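Dear colleague,

I am handing over a structure for you to look through, and my notes on what was found in it follow. Please keep the view open while you read.

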Amino acid sequence: MVDSLNTSLAQLSLSRLGVAAAVIDEALGLGQGIRLGQSTVFSSKVHAFNSHSPEHVKIMVNTDAGQVFYYRSDSGRIGHLDIFHECGTIDHQVAAYYVCSALERYRTIAVQQPTMMSTGLLNPDLVDIQTATGGGRITGSLQGGQKPSVRQVHENHVHVALQLSTNNLVCLFYIVAAVETAIQDLGLELRCNERISYVEAADCQSDLSPYTDQTDSLLVSQQLPEQQASCHVPDITPGSPIVYLPE
Amino acid sequence: MSEYYRLIRHSGNKNLFRVVEMSVAVLLPGTIPQAHRGAATQLAKQAVSHWAAIKAALKIRLAAMLQSQFQLSSSGKGSSDNRGGQGSVQFINPLHTRIIAPPKPAIPLSHLPDAQLVTKEIKLHG
């Protein structure tokens, strides 16, 4: 693990994160979004922003990230993180490596906790990433998300989607810290989310073709990862759309 | 093309008007930035630089806003706010707009005190 990531994660002891994870759990239950740190917006919904005010994220309350991104039939099972930074290209392979390293570190720490044991762990196969250089499953080939429109919309944020369960919310802080460290190590500045608001979309799926591309994600269905070795490569929506919404 | 004063202002374009007028204002003789530009002191030069930075930021915002406005159909209506608007969302092709970043730098999560690890915003929408 790189030193900078090691240093960041050392600041996030599990004893610090329990209360914060409970706040996230409550927000998810209410269908709300929440800000993690200063740079990140998290929810189980689709996020959008006006192109001229990216510091204001709009959570589309009548959408479900799993249904829109991955055509899933269930709801509330996919978590959606957007981590904002100054415009530039974040190498998605580097960011994915940092996230994998952070989850491995979390696993090492968590299994040593008598109260946690094997609960609260997140399978890294169930985490996807997208940046301005590409994306896909963090444990996969990372050859997806190459469509120019998909890459361009991620010039100001890193998108992460993952399978949620109520006992793995502490992992979110490790993922955010990993992506933030990757952003800084690649020479870009983290940027603040300043406002979260809620909007409804009449038809979220129909106009999202510029935001779709091929992926090797295992979040597409509810099958177990080992059953998906021959999964076809579907089109998904790996990002947060830019919208026009009157203020 | 309509004359500027005849353009109709409404809640959907008020920010556009604001940015256009601020951009025009900094170009007018006699305004604060112009006065700074005429001074020869180092202080004035710094002020000009400051205003130039503001002008550049406004220009970027204006460009992004104009691009997003041109994606609209003329019949677009409806409202949305933090009480929950209905149905006026229009997705924009990223290739037809300019991506800008949030303006304020952020402190990394790992450097924040416990109380700032998560921040909720009250949902007024019922």
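Two residues are said to touch, or to be in contact, when heavy atoms of theirs lie within 4.5 Å. With that in mind, and remembering that this is a predicted model, you could begin at Val160(A), which, leaving out residues up to four places away in sequence, touches Gly79(A), His80(A), Leu81(A), Ile83(A), Val127(A), Asp128(A), Ile129(A), Ile175(A) and Val179(A).

Val160(A) is also among the residues with the most contacts inside the largest nonpolar core, which has 54 residues, and in this respect it is listed with Ile24(A), Leu36(A), Phe42(A), Leu81(A), Phe173(A) and Ile175(A). The elements of chain A that give two or more residues to this core are the helices H1 (3-10), H2, H4 and H6 and the strands E1, E5 (78-84), E6 (127-131) and E8 (157-163). H6(A) supplies the largest share, twelve residues. There is also a second, separate core of 19 residues, which includes Met60(A), Phe69(A), Tyr70(A) and Val153(A).

For the wider setting, chain A has six helices and twelve strands, and 63% of its 247 residues count as buried. Among the contacts in chain A between residues at least 6 apart in sequence, 74% join residues at least 24 apart.

Helix H2 of chain A, residues 14-29, is a good one to trace by eye. Its 16 residues should span 22 Å at 1.5 Å a residue, and because its end C-alpha atoms are 22 Å apart, the expected and computed values agree. H2(A) nevertheless has a kink of about 25°, centred on Ala20(A), and Ala20(A) is one of the buried residues of this helix, which also include Leu17(A), Ile24(A) and Leu28(A). The cover over the buried residues of H2(A) includes strands E1 (34-36) and E2 (40-43) and helices H4 (92-110) and H6 (170-185) of chain A, together with strand E2 (118-119) of chain B. After H2(A) comes Gly31(A), with a positive phi near 70°.

H4(A) has 19 residues and reaches 26 Å from its first C-alpha to its last, close to the 27 Å expected at 1.5 Å a residue. Among its buried residues are His92(A), Ala95(A), Tyr98(A), Val99(A) and Tyr106(A), and what covers the buried residues of H4(A) includes H1, H2, E6, strand E7 (134-137) and H6 of chain A.

How do H4(A) and H6(A) lie, and at roughly what angle do their axes cross? Their axes come within 8 Å and cross at roughly 145°, and the crossing is right-handed. Residues making this contact include Ala95(A), Val99(A), Ala102(A) and Tyr106(A) of H4(A), and Cys171(A), Ile175(A), Ala178(A) and Ala182(A) of H6(A).

Finally, please look at two residues in loops. Most residues other than glycine have a negative phi. Tyr71(A), however, has a positive phi of about 55° although it is not a glycine, and it lies in the loop between helix H3 (65-70) and E5 of chain A. Leu142(A), in the loop between E7 and helix H5 (148-153) of chain A, likewise has a positive phi of about 55° without being a glycine. Which of these is buried, and which partly exposed? Tyr71(A) is partly exposed, with a relative accessible area of 46%, whereas Leu142(A), at 6% relative accessibility, counts as buried.

With best wishes

How values were computed:
Residues numbered from 1 in each chain as written. Chains lettered and ligands numbered in written order. Predicted model: local features only at pLDDT ≥ 70, side-chain atom pairs only at ≥ 80, totals over all residues. Heavy atoms only, no water. Helix = DSSP H or I, 4+ residues; strand = E, 2+ residues; numbered from the N terminus. Expected span 1.5 Å × (residues − 1). Bend = angle between axes of the 7 residues up to and from the residue. Buried < 20%, exposed > 50% of the residue type's maximum accessible area, 1.4 Å probe, protein only. Core = buried A, V, L, I, M, F, W, Y, C linked by side-chain atoms within 4.5 Å. Axes fitted to C-alpha atoms, helices over the stretch in contact; angles between N-to-C directions. Left-handed = near helix turned anticlockwise from the far one by under 90°.
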